[in-house]
Amino acid sequence: MHAGIIFLLVIVGSVLFHIFTPWYWTDIASNWGGMDSTITLTFWVGGGVFVAVCLFMVYCIFRYSHKEDRRAEYKPEDKKLEKILTWATTLGVCALLAPGLIIWNQYVNVPKNALEVDVMAWQWGWQYRLPGADGKLGTTQVRNIADNNPFGINPDDPFGKDDIMIESDVINLENNRPVKILLRSVDVLHNWYVPQFRSKMDAVPGTVTFYWFEPNKVGEYEVLCAEYCGVGHYAMRGGVEVQDKAEYEVWLSEQETFQQLSARYEKLNVDGNKLVKK
Amino acid sequence: MSDEYDNNKSYQAQSSEVLDGSAGSVNPDMDYVRPAEIPEQDLYHAHSFIEKWIFCQDAKVIGVQYFLTAVFTGIVGLILSWLMRLQLGFPELAGFMTAEHYYQFVTMHGMIMVVYFLTALFLGGFGNYLIPLMVGARDMVFPYVNMLSFWMFFVAVAVLMASFFVPGGPTGAGWTLYPPQTILEGTPGSGMGILLMLISLSLFVIGFTMGGLNYMITILQARTRGMTLMRMPLTVWGIFTATVLAMLAFPALLVSAIMMTLDKVLQTSFFMPTILKAGEVLEYGGGSPILFQHLFWFFGHPEVYIVALPAFGIVSDLISVHARKNIFGYRMMVWAIVGIGALSFFVWAHHMYVSGMNPWFGFFFATTTLIIAVPTAMKVYNWILTLWRGNIRINTVMLWCLGFIVTFVNGGITGIFLGNVSVDVPLSDTYFVIAHFHMVMGIAPLMVIMGAVYHWFPLVAGKMLHEGLGKWHFWITFLGAYSIYFPMHYLGFIGVPRRYFEMYDSPYMTSAVGMNEFISIAAFIVGAAQFILVFNIIKTLKTGKKAEQNPWKANSLEWYTSTVPPEHGNFGERLPVVHRWPYDFSVPGAKDDFIPQTTAPSEVVNTEVEKT
């Protein structure tokens, strides 16, 4: 009897915890509300099954606990019941899978107007690159990375010249404009993750991965590394500032292009040589 | 072939009944069992203390050796989890702990618990002890190889533990050992530590293959007369299917361990692309880190079921015995075990939805993953339908089973969140994942292990464990573990990432501090509560009540040995002959509420048995 009561309290407690929890997801700041709704749907269906199964179990504890003079029912199989349960479960599973796949289809198909952002990760930090006036990012190679070429842009690639380099772990994004995050890493696995945007993907050295989202709430957000990347993993933070178009464009115009950076380094070199000669 | 048997049929069948001392004269056709096809096994009996207790060839002793070694590693894993929880809940008290230490503890805790504790305990421990007894064999078919299997495991554990004492300490790469970071500086233990881990895993796989071949062939070839496959207890079905999975999955782990060792030692580039470290390009190039993840999870996901299937099987038997009712839908249960086992090889990349693999894989793996929910749900229904209209003894064993149902259903349903590809995106790599897999493959199988310990202790030791202590042990463990992992899901909803040494400078995460303190306290209590069992065992061995033979009134063969505890050879002069499945409880018309598997139909003529 006590056992039944305690199990019942566990189930009731679980439901109450879910209703009154102060711990729940952060306010969403991207287009992926569908993920939240699928979670809510799964909660209703899955939570319902959990409560139903457990309550049935508690009922059995109360109703059928051992009595010397009673015999259990002898019924090895009930084909009909098993069939009903199998189909009901299959139906429930399909109902959950369908929205999941529909949203995944959106997740892997990036809108054409999305702004490409090169997110480059290393142990332990981030930097960002945006396409310049030509709208295209230049190709890169790890071996090209140097002080005067922090992103490893191929010097012969004409698309790379006007790329905008943001040598900071904070990037600004324009509100309500989809972005395609192109992830790469120069050393180990990382993952550029902003909980409020809901989306994430690993950065894998040797390849470029991607995902997309559309920020829809102006504000500052923290970037977390979500894939274990060595001892500094927990400290690998960054930031995103979502701004309205006007402010964003002011910010963008203040950033340096690859060409400008190269020129700056060349000048440094020339100046340095002059100094040495003097 | 069949003609030969037919010629001997009447003679053999009759003679066995006469020798069994059962009432063969009533109806010899009714009691017919197939004649013996293979001769009796010659057993090597021990001649000395060392042969009997150390280099022993008796599967039962090997089972206990596996069990004790696995429990030792489990205690190490438990202590590591305490240290992690100290850091997460009360960092001010964990000043001695650096981030390096923390990641080393995380890694070793995970690897120990999954491989060296759970896998070894279920298959090496319960498998060795129960398979020969339950199928009616004198021993495993290759006792010498079986002995080697344990000692290989022992060496693997020794190598693993040695890694705590090498320069740089054990590996801190996370139990998934993802390259490239695993073998690069910047990850703790990337020198000797990771090498010893890879060597230890390789030894484990080799030793385990020796054991696994034994379990499979014993079950397929050494069953006693009358023990058809569809009369085997579900425990045996669970262990058998898990062993087949292990034989197919562990090679993937072995090759990935070997390839990574080569990457580390000979600078090959199986998993290593071009890498820039500290301003220099390393001597690697062209390898694929994602290839490792595919290999790892091709092993890793079946591994989940290598742990879960024996637990499914054992819990089915425990529920049936203690509810005094046949397991509901035996055939469905068997096919569900086999089906889940087969499907488990087609779902591995659901661990990799956000790994950077081609995202189109997501559609396939989400579908297969959710399909596997159907047979799994059927098992759950059948467990609770076994309780329905039963005559349930609410004893310690049953409490652990009920605790299993609650935690397993809970963890199974959070699995549907994570398997459903787009729902996984916000939740992967957060504490939701930690809570999910601890609930479903940590706590739930542990509940079964505990139930099994209380259930079979009278067989192994001949004494009954103390019920009162057992109930305290259960309630503290169940309520404590549930209050650790249930709220932990909600940390994942907030977005708290896993494998963070420190996390609380983000504004939306500060509310998690209180919960982390609570979880840590619960973890300390649950861990400490396990020593109630240790105390109970020691006390019982010293002063416990002597167990009668078959104290739970079960039907399966392990309770019908010639002595309790069973001696080497298990069954005395003659092997038992099996006439029915092990679930004939509460059969209408029978005198007792159970009919042992060895009971011939002619001995219980008035019963209305549906399935035998």
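At what angle do the axes of helix 8 and helix 13 of chain B cross? They cross at roughly 40° and come within 9 Å. This is a predicted model: local features need pLDDT of at least 70, side-chain atom pairs count only at pLDDT 80 or more, and totals for chains, interfaces and linings use all residues. Residues are numbered from 1 along each chain as its sequence is written, with chains lettered from A and ligands numbered from 1 in the order in which they are written.

**Helices 8 and 13 of chain B**
- Helix 8 covers residues 289–322 and helix 13 residues 431–461; helices are DSSP runs (H or I, at least four residues), numbered from the N terminus.
- The angle makes helix 8 of chain B oblique to helix 13 of chain B (neither under 35 degrees, nor over 145, nor 65 to 115).
- Helix 8 contributes residues including B:Val304 and B:Leu318, and helix 13 residues including B:Met441 and B:His455; contact puts C-beta atoms, placed from the backbone, within 7 Å.

**Helix 11 of chain B**
- Helix 11 spans residues 396–419, and its end C-alpha atoms are 34 Å apart.
- That agrees with the 34 Å expected for 24 residues at 1.5 Å a residue (1.5 Å times one less than the number of residues).
- Of its 24 residues, 24 are buried (20 or more other C-beta atoms within 10 Å of the residue's own).

**Contact between chains A and B**
- Chain A supplies 80 residues and chain B 95.
- Helix 3 gives the most to chain A's side, with 14 residues.

Conventions. Helices (H or I, at least four residues) and strands (E, at least two) are DSSP runs, numbered from the N terminus. A residue is buried if 20 or more other C-beta atoms lie within 10 Å of its own, exposed if 12 or fewer, and partly exposed in between; C-beta atoms are placed from the backbone. Axes are lines fitted to C-alpha atoms, for helices over the stretch in contact, and angles run from 0 to 180 degrees between N-to-C directions. Two residues are in contact if their C-beta atoms, placed from the backbone, lie within 7 Å.
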